[in-house]
Amino acid sequence: MAAASSAVLAPSQLLLGKSIAPPPTRPPSTPLNPAPLVVALFTKKKPSKSAKPKLPSNDELAKWYGPERRIYLPEGLLDRSDVPAYLTGEVPGDYGFDPFGLSKKPADFDKYQAYELLHARWAMLGAAGFVLPEAFNKFGASCGPEAVWFKTGALLLDGGTLSYFGATVPVNLVAAVIAEVLLVGGAEYFRIQNKQGFDRLHPGGPFDPLGLAKDPDQFALLKVKEIKNGRLAMFSMLGFFLQAYVTGEGPVENLAAHLSDPFGNNLLTVLQGTAERAPSL
C-alpha cells in the first residue's frame, strides 16, 4: 500500500522522504472573447431618452403649449422641424422664434425669459402711464397743465408740480426720483431675496388677491395673455418714443389726429412732411 502511494508521488517528493500533496491545479482560464470589446468600440452608444414634455390637458391649452402650439409663421411658411429643438413649448409665449440661438443653454433660456417678463410688466405700466393722463386731460378731466408724458417730465425739471383731477400733487423732481428708486428698487430687491419661497416669475399668493390663478389651466392661459400683452406694450413704448420725437405730440393726440383724417395724418404723410404738424422736441 505504501508502494502504491509512493508511486503517485513526484520524484522530488520521494527524495525528501516526505509525502507532500501536490499543489492544487488551477482550472484553465477561459480565453477572452474579443467580440464584445470590438462591438463596444465600433458601435455608437444610443443616447438616453430624455423626458418627454408634458402635453396640454385640453384643446385651448394646446394652442399655446406643446409640440402642436402656434408658431411665429403659418404652417406653409415655416415647417415645425425648423423650430429649434430646445424650444419645446413648455413656457408661455414660446412661438419657436430664436433666430440668433440666444437660448440654447438652459441657464440662458431661464435668464432671458425672466428679463423679457420683467420688461414686459414695466412696459405695460409705462404704456398706461403714457396714455391715461393724456386721455383724461383731453376728454375733460384736469390732469395738467399738460398731461403729455414728456411735457410732464419737463414740468418737473422746471420746478413745477403735477395736478391730477384738479388736485395738486406736491411732488417735485427730487421726490419723484427718490420714490421711483425706493419703489422699483425695493420691488426688485424683494424679488431677488425671495424669502417667502414664491415662484420668481409668477409668485401668486398675495400677489393674486382676486384668485385668478387658482385653476391651473386658467393660470396657464393667463401667463400667455400676460406675455402677449407685455410684448405689445414694449413695442408700443418704442412707438411712443418715436412718435414724440417726430411729431412733438403724445400718443392720444396722434391717434385723434389720425382718426379725424386717416389719409392726411398717417405714417407716410408724417415722413413726407405733408402733415400739418412740426416736431417740437
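A residue counts as buried when its relative accessible area is under 20%, as exposed when that value is over 50%, and as partly exposed in between. This scale will be applied throughout the predicted model shown above. A useful case to begin with is Y72, whose relative accessibility is 37%; because this value falls between the two limits, Y72 counts as partly exposed.

Before individual residues are examined further, the chain as a whole deserves attention. The chain contains 10 helices and two strands. Read along the sequence, these elements follow the pattern α-α-α-α-α-α-β-β-α-α-α-α. Of the 281 residues in the chain, 25% count as buried. The chain exposes about 20600 Å² of accessible area, and carbon and sulfur atoms supply 65% of it. One may also ask how the contacts are distributed along the sequence. Among contacts between residues at least 6 apart in sequence, 48% join residues at least 24 apart.

The next element to consider is helix α5, which covers residues 106–138. This helix has 33 residues, and the distance from its first C-alpha to its last is 48 Å, close to the 48 Å expected at 1.5 Å a residue. Which residues of α5 are buried? They are F109, A114, L117, L118, A120, A123, G126, A127, F130, P133, E134 and A135. The cover over these buried residues includes the helices α6 (149–157), α7 (173–193), α8 (216–247) and α9 (251–260), together with the strand β1 (162–164). Just after α5, G140 takes a positive phi of about 115°.

Helix α7 can be examined in a similar manner. Its 21 residues should span 30 Å at 1.5 Å a residue, and its end C-alpha atoms are 30 Å apart, so the two values agree. Just after α7, N194 takes a positive phi of about 50°. Within α7, the side chains of R191 and E188 meet in a salt bridge, with a distance of 2.7 Å from N to O. These two residues are three residues apart, which is about one turn of the helix. R191 is partly exposed, with a relative accessible area of 21%, and E188 also counts as partly exposed, at 29% relative accessibility.

Other salt bridges occur elsewhere, for a search of the whole structure finds nine. One of them joins R80 to E75, the closest N and O atoms being 2.9 Å apart. R80 counts as partly exposed at 25% relative accessibility, and E75 counts as partly exposed at 48%. Another salt bridge is formed by the side chains of R121 and E226, at 2.7 Å from N to O. R121 lies in helix α5 and E226 in helix α8, so this pair ties together parts that are 105 residues apart in sequence. R121 itself is partly exposed, with a relative accessible area of 25%.

Aromatic side chains provide a further set of links, and the structure holds 10 aromatic pairs. In one of them, the rings of Y72 and F97 have their centres 4.8 Å apart and their planes at 75°; because planes over 60 degrees apart count as edge-to-face, this pair is edge-to-face. Both Y72 and F97 lie in the loop between α4 and α5, so the pair ties together parts that are 25 residues apart in sequence. F97 has 54% relative accessibility and therefore counts as exposed. W149 and F241 also form an edge-to-face pair, with 5.5 Å from centre to centre and 70° between the planes. W149 lies in helix α6 and F241 in helix α8, so the pair ties together parts that are 92 residues apart in sequence. W149 is partly exposed, with a relative accessible area of 22%, and F241 is partly exposed as well, with 42%. W149 and F241 also belong to one aromatic cluster with F130, F150 and F240. Of these, F130 has already been met as one of the buried residues of α5.

Finally, the account returns to Y72, in the loop between α4 (59–62) and α5. Which nonpolar residues form a patch on the surface? The patch consists of Y72, L73, L77 and F97, which together have about 420 Å² of accessible area. Y72 and F97 thus appear both in this surface patch and in an edge-to-face aromatic pair.

Notes
Residues numbered from 1 in each chain as written. Predicted model: local features only at pLDDT ≥ 70, side-chain atom pairs only at ≥ 80, totals over all residues. Heavy atoms only, no water. Helix = DSSP H or I, 4+ residues; strand = E, 2+ residues; numbered from the N terminus. Expected span 1.5 Å × (residues − 1). Buried < 20%, exposed > 50% of the residue type's maximum accessible area, 1.4 Å probe, protein only. Contact = heavy atoms within 4.5 Å. Patch = residues over 30% accessible without salt bridge, like charges linked within 9 Å, V, L, I, M, F, W, Y side chains within 5 Å. Areas by Shrake-Rupley, 256 points an atom, 1.4 Å probe, with all protein chains shown as cover. Salt bridge = Lys/Arg side-chain N within 4 Å of Asp/Glu carboxyl O. Phe/Tyr/Trp six-rings, centres within 6.5 Å; stacked < 30°, edge-to-face > 60°.
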